[in-house]
Amino acid sequence: MSKDKTFLALADFLIPAHGEMPAFGSVCSFADAEKALDFRVDLKEGFHRGLDADLASSAEAHLERLNKEDGAAFSAVTTIAICTYYMNPRVRELLGYPGQESVLYDSKATQIYLTDGSLGHVLARGRKYRPTPGL
Amino acid sequence: MNVESLSERGARARRDEEVDVAIVGAGPSGSVAALHLARAGFSVVVLEQGEWPEYNDYTGARPEHELVSTKLWHPNPNVRDNPNDYPVDTSTTDINPLMFAGVGGSATLYGAQWMHFLPSDFRVRSLDGVAEDWPFSYEDLLPYQLEIEREVGVSGLAGDPAFPPRGPYPFPALPIGSVGLRGALGMERMGWHWWPGSNAIPSEKFGELNACVRRGTCLTGCPEGAKSTTDRSHWPLALKAGARLVTRARVKEVETNEQGLATGVVYVDANGRDRRQRAKVVILCANGVGTPRLLLMSGGAKHPDGLANSSGMVGKRLMMHPFASILASYTDPLDSWRGPFGQQVYSLEFYETDERRGFVRGSKWNCMPSGGPVGVSGAIGSKVYVAEEGRFQDFWGANLHENVARRFGHSLIWGIVGEDLPEEENQVVLSKDLVDSDGLPAPQIIYKVNENSNRLLQFNIDRCLESVRAAGAIETLVSTPVRESGWHLIGTTVMGDDPKRSVVDQWGACHDVPNLYIMDASTFPTSGATNPTATIMAVALRNTRRMIAERRNQKVA
Ligand SMILES: Cc1cc2nc3c(=O)[nH]c(=O)nc-3n(C[C@H](O)[C@H](O)[C@H](O)COP(=O)(O)OP(=O)(O)OC[C@H]3O[C@@H](n4cnc5c(N)ncnc54)[C@H](O)[C@@H]3O)c2cc1C
Ligand code: SF4
């Protein structure tokens, strides 16, 4: 089995379709995973080791074995799968995640806790610190 | 001059030039000392093993952020694996020390949560009968705290009844967002203390710092240049005042003469060559691990147990603030990937000792957003609240989607910082086999979370669960004590009056070597439970001012 097929089989087991969310393979390709891997060259070795299998057994059995016997390979394959998936624009759209966007705000606007009385309750509960002058 | 062009400035001292002061480390403490000494007319050279931050490398604004930051911006130097850091032998510790090497120091990755120590922190022996009182008080330090706040550009709201009255912060508090409001709601329902977060993140443009735009990636470097770090807040001014900064300069030894006075330092430069920087005074600002490491590496045959160590206290009493975290998910949206990823709200409800609880001293809680989908999934070990045990299937398949749907955008994290009591067995020593990229011995950490801390954390976790449930949490995940949480490194060259029991005096001068100073948190007799950087910078300023005032009386080689 080629590496890309192996990876997609593992990734689809890890990230199957569920409710509104698509399976890995229906929105991401092996090329996307390779692009992600370029950001993490430290994972390359483990990633390729993790795909070095003919998957005669099921994807789950292979992952189970990797998890027990080759933690670095397991971690590389799963990290690349999940990060590639959640970097995907369609997946982000479905989640309602615009990324770590910047948000403008008015630093002088009156904060709600000042007007709804909640901070007033904190003040009403009184002093909390232990004064120390003279000690 | 803008901050990007600074790295070209700050040339090395001339060969054999003796400067007034050599400082080791360009983090918050070293930067304060450098700025104020240079302004007072001292010739200053700072030696820093790391480099200037490259803001384009902060990936916060890019899609690959969660993928890249778990390696490149990981706070554990052993994971980051960057030759500018030294590795740390963590085989004998319950908690990994976290730090970063570079101009700006570990604050490059800090959450910028800005808290003063409380009055009782300086008087734990008098009030609670444990550890030692500090040689100075909350009131003594307050003017320096307020001055540092103005230099750093802190935003916050004055009037917190958990502190003595104080003047306004330089900038208004950042918006606390839905996460902070939900955290506050739980505290309100319990009738407990909470307050809008104070952060070293100006809410408006300030000097070289841009206004925060709530990108929420503060803990992995702020791509906006909004989080206050000293490469932007202090170094532009320090260089202008004449301080010189040598990067990729790893100090391997503090040298002394026959009279036992410091004469300067030896460092390995970027090309791997040994160089000597002569100085009348040497100041160590290399943090609670790097400073004792350097003293233990220094001293030669004359001081086989390390320099300035006649008390035997160098490296001892390491405190790292054992930490627990609670992730709580809610049905309604909280936009919980938005920043600031400092503290949106904090609580000091359980800060002071109440012996009925079965432990002494207390905790500080901070409420933060939970971040992006990869982090909240718990599927890769990047976040502090991920349990280490468990079947992998629990995090994958349909479970992955359900976990992300429940948590992403809908959850908050309360961090619980517990005061750590000093114990001599908890210490920094030199590793026998691990070395850094220059072949120098790495520090080894010997540290156990003690019984007081375990009880303290459990009590606080139970209370925190009550609070988040009172605000409607539908799921909670607890992690305690979090292994990757040694962000506060304190106590390893303790200050005191008695040279037999302490390493430095209350001004940071070593009892054994009067022209060798320590100005980082290594000197703190106790740890408090608040984030320490405000206090670190204030103590560094207090010591520096004293050094300037006493310049004519300073003993030098
Ligand atoms: C992930 C993380 C989050 C944090 N969050 C907060 C927070 O929200 N609020 C808060 O108050 N604090 C926080 N902290 C702690 C804060 O970063 C530190 O308290 C602060 O940086 C300490 O300042 P320092 O100057 O004493 O030491 P450091 O900032 O550690 O600087 C020491 C410098 O010395 C250099 N150095 C060490 N040894 C040598 C040597 N031999 N030769 C040359 N250079 C050397 C290092 O490279 C480093 O740059 C956090 C820390 C981390 C890691
Ligand atoms: S929240 Fe503000 S300080 Fe933090 S990374 Fe974003 S812009 Fe920078």
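Helix H1(B) and the A–B interface

Q: What phi does Gly41(B) take, just after H1(B)?
A: The phi of Gly41(B) is positive, about 95°. The model is predicted, so local features need pLDDT of at least 70 and side-chain atom pairs 80 or more, while totals for chains, interfaces and linings use all residues. Residues are numbered from 1 along each chain as its sequence is written, chains are lettered from A and ligands numbered from 1 in the order written, and side-chain values use heavy atoms, without hydrogens and water.

Q: Why is H1(B) called a helix?
A: A helix is a DSSP run of H or I with at least four residues, numbered from the N terminus. H1(B), residues 28-39, has twelve residues, so the term applies.

Q: What makes H1(B) mostly covered?
A: Buried means under 20% relative accessible area, exposed over 50%, and partly exposed in between (1.4 Å probe, protein chains only). Eleven of the twelve residues of H1(B) are buried, including Val32(B) and Leu35(B).

Q: Why is the pair Lys128(A) and Glu349(B) called a salt bridge?
A: A salt bridge needs a side-chain nitrogen of Lys or Arg within 4 Å of a carboxyl oxygen of Asp or Glu. The closest N and O atoms of Lys128(A) and Glu349(B) are 3.3 Å apart, so the pair qualifies. The rule finds six salt bridges across the interface of chain B and chain A.

Q: How many residues of chain B are in contact with chain A?
A: Contact means heavy atoms within 4.5 Å. By that rule, 68 residues of chain B are in contact with 56 residues of chain A.

Methods:
Helix = DSSP H or I, 4+ residues; strand = E, 2+ residues; numbered from the N terminus. Expected span 1.5 Å × (residues − 1).
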